[in-house]
Amino acid sequence: MAQPVVQIQHLQKHFGKFQALKDITFDVYPGEVFGFIGPNGAGKSTTIRTLLGILKKSSGQATIFGQDVWSQAVAIHKRLAYVPGDVYLWPNLSGGEAIDLFLKLNGQKHSAKTDALIKDFDLDVSKKNRTYSKGNRQKVALIAAFSTDADLYIFDEPTSGLDPLMEEVFQKHVLALKAAGKSVLLSSHILSEVERMCDRIGIIRQGTIIETGTLDDMRQLSRTQVTVTTVKDLSTIQQLPAVHSFNQTGNKATFAVDSENLASVMTALAPLEIKQLQSTPPTLEDLFLRYYNQEA
Amino acid sequence: MFSTHYAKTGQLLRLNLRRDWLKIVFWLIGLVGLMAGAAAKFDGLYGTKKAMATIITTLKTPAMVSLMGPFTAKPPYTVAIVYAAEMMTFMGLFVAMMNIYFAVHTTRGDEDSGVLELIRAHSVGRSSALTAAILELVIINVIAGVLEALGLQASGMTGMNAGGNWLFGLGLAMFGLMFGAFSLLFAQIADSSRGATILSYSWLGILYVIRMGTDVKNPDYTWWTIYGWIEKLDIYGKNNWGPVGLMLLMTVIIGALTIMVGATRDVGAGLLPDRAGRKRASLFLAGPLSLIARLERTSTIIWLVGLFFLGATYGSIFGTAGDLLKSNPMMSKLIGTAATDAANRAIVLSFANKLTIIFAVLAIIPGLITMFRLNGDERKGYFEQLHARSVSRAHLFFAIAGFGLVVSLATFFLAVCGMYVAGAASMGDNMPSFAHFMRGFWGFAPALIVTFGFGALLSGLLPKLQTLAWILPAYGFFSLYLGALMNFPKWSTQLTPFGWVNTVPVKAVNWGTAGWMTALGLILVVVGYIAYQRRDLLEN
């Protein structure tokens with residue numbers, strides 16, 4: 001595999017006595033969209049701000065492009081674009097001025113691509129920032145970020161203020177970045193967005209990364225919902241260790257199976273003469289709820 | 001009608017008071033302590049006949065009239081009369097500042113932060129928030145007025161009487177409330193708390209400067225300056241309550257206007273509509289320095305022009321101030337014309353010394369306000385995008401510090417220039433040279449740099465306590481403006497860098513002191529930077 005763009009190992013961050021990040025470890029590879037998800041207050045934004053050199057890590061390793069995120073921040077930021085979840089802009093500048101300023105700060109210019117993005121996101125750039133809604137302020141930051149020619153794009157809940165139409169536009173542009181071989185770190189609560197765009201996912205909970213992998217990997221680790229009707233009595237199935245939440249009415253049963261043991265359960269079911277079988281892979285929501293609610 | 005407009009006003013008022021009580025207590029302790037403390041000390045200062053005669057001559061000079069208002073009392077003079085003459089105009093300034101702060105903070109401040117939007121979504125009347133703010137101002141001012149009166153009563157100053165004490169306290173309360181009302185109105189007109197504060201201080205400044213002019217030329221015209229009403233109370237003389245009635249009338253009119261405007265406008269908007277901005281950034285807007293310059297553009301212009309005119313206003317009375325000796329033919333005959341001219345020049349220069357300090361203290365304000373953007377804009381989240389771009393912390397810090405310091409120095413320089421230009425026009429040939437006045441600039445500029453450096457140090461090292469940096473210029477102003485009159489011990493005036501400078505422009509600049517002070521100021525800035533680049537940025 002290629003050299004990771006972002007490399008984080010056992011990153012920790014304390015605010016006084018409060019330990020915001022306990023153990024953050026994950027990598028983002030070139031050409032990959034990495035989904036970063038977790039409940040509110042789990043440490044997503046703190047991780048991202050540490051990656052940006054806005055906060056200083058307490059211990060651990062964090063590099064981007066192989067350079068330390070704190071000491072080499074300026075060099076890293078030349079090849080990086082970022083959109084925070086809450087965009088705040090100087091009230092007396094216009095949106096257009098803010099976009100141009102952000103581009104210039106990275107040594108880049110307002111280009112035809114910028115104009116195309118302004119059109120795509122349908123933003124009136126002549127308005128003063130104080131008149132913009134949250135969504136419109138996010139558009140300003142998104143236009144500046146997509147218009148920046150960078151190697152890594154970091155989005156921290158970038159669509160929380162956007163309408164569904166604009167969310168589509170956002171997804172289209174992220175997929176275009178992916179097609180162009182750029183790396184994207186996307187923190188989001190919108191699971192359909194994550195499901196559609198992300199190659200790999202990292203789940204954070206109370207300052208610790210509890211799982212990383214592809215969506216398929218994670219499905220393997222969770223339970224499949226099975227509804228089955230058989231000719232013979234199927235109460236024996238309940239005894240199998242991989243079967244959970246077993247619920248039987250007559251010859252019909254509904255239960256959950258650890259996905260990795262699905263085959264052995266099927267083998268046990270076969271002699272009972274299956275009349276009807278329906279198996280549903282866990283939805284992303286199920287997955288997340290399970291991870292979010294887990295005991296630490 | 002009543003419920004749509006004023007529902008839950010009482011509850012909001014309680015909420016505001018609970019939020020603001022500590023600030024209110026600090027202001028009250030400051031105001032009452034200052035008044036009562038000074039009153040207790042005055043007997044010791046002017047107890048003798050000789051001291052009394054000297055201070056009354058001083059108070060009658062145009063220089064002192066311009067600073068403190070005319071001395072109109074008739075003999076027999078008492079310590080209390082001198083106290084009223086020295087303190088009234090000055091206390092009025094402080095009380096007005098307190099009211100501007102609370103008026104803007106409780107109305108536009110809550111609107112800017114979005115708190116008002118949350119409140120208005122509940123079953124709260126349309127004018128409730130504004131009414132609660134008005135009531136809060138009334139409560140603060142009444143408490144302040146009563147405590148001031150009681151403080152004076154307790155001081156036991158010679159020549160005071162209960163009528164005068166109550167007039168002093170309640171007159172100040174009414175005066176403060178009147179400026180609070182103006183600020184509340186400006187808070188409806190402006191579109192941000194920053195705009196409301198700028199408008200309020202501009203209004204206060206303009207009125208103060210106009211009253212300075214009328215007091216020197218003809219105190220009768222001062223009736224038209226609004227600010228001057230506070231000088232017409234004739235405390236411990238005739239105890240004239242008339243002006244308090246005028247203030248009350250003005251407060252009611254402005255207050256009614258404010259409620260009318262407030263009830264019709266949209267939350268978050270001002271009266272003036274938003275103009276469309278530029279579609280593209282100008283070539284100029286390209287980095288941290290030009291960004292800061294762009295953000296501070298309007299206020300920088302106001303400061304530069306404002307202090308030039310303030311300097312010119314003071315300078316224009318040099319002619320009158322310098323004529324002091326000429327108007328005394330006896331003196332003139334005694335020491336000769338050449339000596340009289342020299343004496344006049346000396347008087348003007350020593351007046352210029354006091355003025356230069358005032359200019360330096362005022363000129364530090366725009367610099368520190370800019371410096372505090374480092375954390376202020378950070379906390380508001382404005383700088384997050386900047387930090388995510390390839391802008392180093394050094395670049396941002398020194399852009400802000402550099403711009404702030406240069407604006408402060410330029411403001412100070414223009415004030416000295418204004419004083420010279422108008423002074424030369426009013427004094428003619430007898431005016432000391434520009435180089436003489438520039439001694440004041442070179443002498444006090446290092447003090448300004450040290451004060452600024454202290455602010456930069458705090459914003460880097462202790463961002464949450466950065467506002468403490470205002471103590472230096474505030475105390476410097478206080479100790480040098482009043483310290484001389486109240487015989488402050490020397491060490492107490494040397495607690496701020498403004499006290500480390502010799503009496504330029506009367507004396508020549510002490511370049512040794514100027515050198516090490518400048519170095520100290522710049523070192524403080526650099527230490528502030530080192531602390532800033534090692535710490536977490538502030539989260540919003």
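## Two contacts of chain B

Domain 1 of chain B and domain 2 of chain B bury about 2,000 Å² between them, with carbon and sulfur atoms giving 77% of it; buried area here is the accessible area (1.4 Å probe) that two parts lose on being put together, summed over both. This is a predicted model, in which local features need pLDDT of at least 70 and side-chain atom pairs count only at pLDDT 80 or more, while totals for chains, interfaces and linings use all residues. Residues are numbered from 1 along each chain as its sequence is written, chains are lettered from A in the order in which they are written, and side-chain values use heavy atoms, leaving out hydrogens and water.

Let's start inside chain B. Domain 1 covers 9-270 and domain 2 covers 286-540, bounds that come from an automatic or database domain assignment. Their C-alpha centres lie 26 Å apart. Domain 1 of chain B brings 23 residues to the contact and domain 2 of chain B brings 22 residues, where contact means heavy atoms within 4.5 Å. Of the area that domain 1 buries against domain 2, B:Leu67, B:Phe90 and B:Arg194 supply 25%, more than any other three residues.

B:Arg194 also forms a salt bridge with B:Glu296, with the closest N and O atoms 3.6 Å apart. A salt bridge is a side-chain nitrogen of Lys or Arg within 4 Å of a carboxyl oxygen of Asp or Glu. The count between these two domains is one salt bridge. On the domain 1 side, the residues touching domain 2 divide into 18 nonpolar, two polar and three charged (Ala, Val, Leu, Ile, Met, Phe, Trp, Tyr, Cys and Pro count as nonpolar, Asp, Glu, Lys and Arg as charged, and the others, Gly among them, as polar).

Now for the contact between the chains. Chain B gives 41 residues and chain A gives 42 residues. B:Arg294 forms a salt bridge with A:Glu97, the closest N and O atoms being 3.3 Å apart. The residues on the side of chain B that touches chain A divide into 14 nonpolar, 10 polar and 17 charged.

Here are the two contacts in a small table.

| Contact | Buried area | Carbon and sulfur share | Salt bridges |
|---|---|---|---|
| Domain 1 of chain B and domain 2 of chain B | about 2,000 Å² | 77% | one |
| Chain B and chain A | about 3,800 Å² | 52% | five |
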